[in-house]
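User: I'd like to learn how to read a sheet and the helices around it. Could you walk me through one case?

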Amino acid sequence: MGVEIKLTDKELPVSPVFVDFLAHIVDNRPFAGAAWHDQLSEELSNDHVRVMEKAQENATRIMASEVGQKHVARAYQLFLALLTGDFDQIRNIQFKYHFINIIGVPRNGGSYLTMEAYRALGYDVDKVPNVIAHDGFPEAGPFRFQKGANSWIASLQTMAEFLTMVEIYFGKNKPYYGKIMVPKKLLKGTYAGGFFHQILGESVEQILTVRHPVTSAISAYEKSGGLPADGKFKVRGNIEEWVRRDWSYTTGLTNDEMFAMPYFDAYLHYWEQYHIYVATTGLSANRNIQLVPYGKERMEGVSRSFQNRFESGKQPNEFKVFPKQDRHPEWIKQSEPVVQRVAEIWDRVGLKFPFKEVMEIW
């Protein structure tokens, strides 16, 4: 008995982000003006609007190009390999590339460390595209199934597209210790830890940043325009949308119920759940995990290790910190049992939560 299933790009269209990347390649346009590495920026990015608006126009031009067709075909080839367990296709990528994944809740120093890894490797960080370096792609998150969307399939397809972009962008670069280095801020890595661990390679390098939930929350609301005047939770950007999404996924709360909730109550649940995922989704199976508590000396120390390891001859850029320990003392008290609970859960899988350093509350 034989069954043939046909899926076309109508059911599984190419991602707009991948289209945007390929448009640069087909047009021979340099990637320039990337702002993902700006540690101090408090502006909300709306670049996704431009990507979506240009997607159809760019896709038409790409598919009229032999180069564009080749890269799109490669992405679908890798997608099929992920769907069917064709490990040889993936193993070839693992043999060639070494991924340095920098993982952590937003506003935990991950952009700085990603930038410093690229600097150490000799890249002009202003010309490293957001999709290559930063945390929006490939897609991973709580499971979602609705009309036209299955989030597990989306994770497979965007991973295939990301790996295709890695081949295009890094393929001819200088190897270190036999492999080409690929730094990646992978905030979403906790949601599918086993997936990223096994697809990117058993030797993948994980750098996990950890920051106190109160200072993380302050930085999140500052990024979004400040603490709402009524103290209630609101969605104004990606970080707060992830808070809303994760609450809905784990508790079933409606938007109205969430928007009536105190801001820090919502954020603290998100912070706790994110760190529980570290210990429960397969990320902790990788024993090559470096824990980096938030702080100036520690962050600059990781940068220094990059500069030494890749013999860049550079010094670390300054990591700027701003004291927040005296703000929201009631939040600090509220968060203490949550931080302790996360530490205990990590201990069960052999991860030592940096409790003392986190409680410095940077």
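Analyst: We'll go through the sheet, then the helix packing, then two single residues.

Analyst: First, the ground rules: this is a predicted model, where local features need pLDDT of at least 70, side-chain atom pairs count only at pLDDT 80 or more, and totals for chains, interfaces and linings use all residues. Residues are numbered from 1 along each chain as its sequence is written, and side-chain values use heavy atoms, with hydrogens and water left out.

User: Okay, the sheet. In what order do the four strands form it?

Analyst: The general idea is that strands of a sheet pair through backbone hydrogen bonds, either parallel or antiparallel. Helices (H or I, at least four residues) and strands (E, at least two) are DSSP runs, numbered from the N terminus, and two strands pair if DSSP finds at least two bridges between them. Here the order is E4-E1-E5-E6, an open sheet with parallel pairing. Strand E4 (180-185) and strand E6 (289-293) are the edges, each pairing on one side only. On average, neighbouring strands of this sheet are turned by 15° against each other, direction ignored.

User: How many bridges join E1 to E4? And how many join E1 to E5?

Analyst: E1 and E4 run parallel and are joined by six bridges; Tyr 97, for one, has Ile 180 in E4 as its bridge partner. E1 to E5 is also parallel, with four bridges. In that pair, Ile 100 stands opposite Glu 205 of E5, and Asn 101 stands opposite Gln 206 of E5.

User: Over how many bridges do E5 and E6 pair?

Analyst: Five, again in the parallel sense, with E5 covering residues 205-210. Look at Gln 206, opposite Ile 289 in E6, and Ile 207, opposite Gln 290 in E6.

User: Which residues of E1 and E5 lie on each face, and are they buried or exposed?

Analyst: The cut-offs come first: buried means under 20% relative accessible area, exposed over 50%, partly exposed in between (1.4 Å probe, protein chains only). Seven of the seven residues of E1 are buried. One face holds Tyr 97, Phe 99, Asn 101 and Ile 103, the other His 98, Ile 100 and Ile 102. E5 is mostly covered too, with six of its six residues buried. Its sides are Glu 205, Ile 207 and Thr 209 on one, and Gln 206, Leu 208 and Val 210 on the other.

User: What lies across E1 and E4?

Analyst: Helix H7 (residues 151-170) does, running at about 120° to strand E1 (97-103). Axes are lines fitted to C-alpha atoms, for helices over the stretch in contact, and angles run from 0 to 180 degrees between N-to-C directions.

User: Now helix on helix. At what angle do the axes of H1 and H7 cross?

Analyst: Two packed helices are described by the angle between their axes and the distance between the axes. For helix H1 (residues 16-27) and H7, the axes come within 11 Å and cross at roughly 20°. H1 and H7 are therefore roughly parallel to each other; angles under 35 degrees count as roughly parallel, over 145 as roughly antiparallel, 65 to 115 as roughly perpendicular and the rest as oblique. Contact means heavy atoms within 4.5 Å, and here Phe 18, Phe 21, Leu 22 and Ile 25 of H1 meet Glu 161, Thr 164, Met 165, Ile 168 and Tyr 169 of H7.

User: And at what angle do H1 and H3 cross?

Analyst: Roughly 145°, with the axes of H1 and H3 coming within 10 Å. From H1, Phe 18, Leu 22, Ile 25 and Val 26 meet Val 67, Gly 68, His 71, Val 72 and Ala 75 in H3.

User: Two single residues to finish. Why is Ile 93 classed as buried or exposed?

Analyst: Ile 93, in helix H4 (residues 87-96), is classed as buried because its relative accessible area is 3%. Beyond its neighbours within four places in sequence, Ile 93 is in contact with Arg 74, Leu 78, Phe 99, Leu 163 and Glu 167.

User: How is Gln 69 classed?

Analyst: Gln 69 sits in helix H3 (residues 66-84) and is partly exposed, since its relative accessible area is 39%. Leaving aside neighbours within four places in sequence, Gln 69 is in contact with Ile 62, Met 63 and Ala 64.
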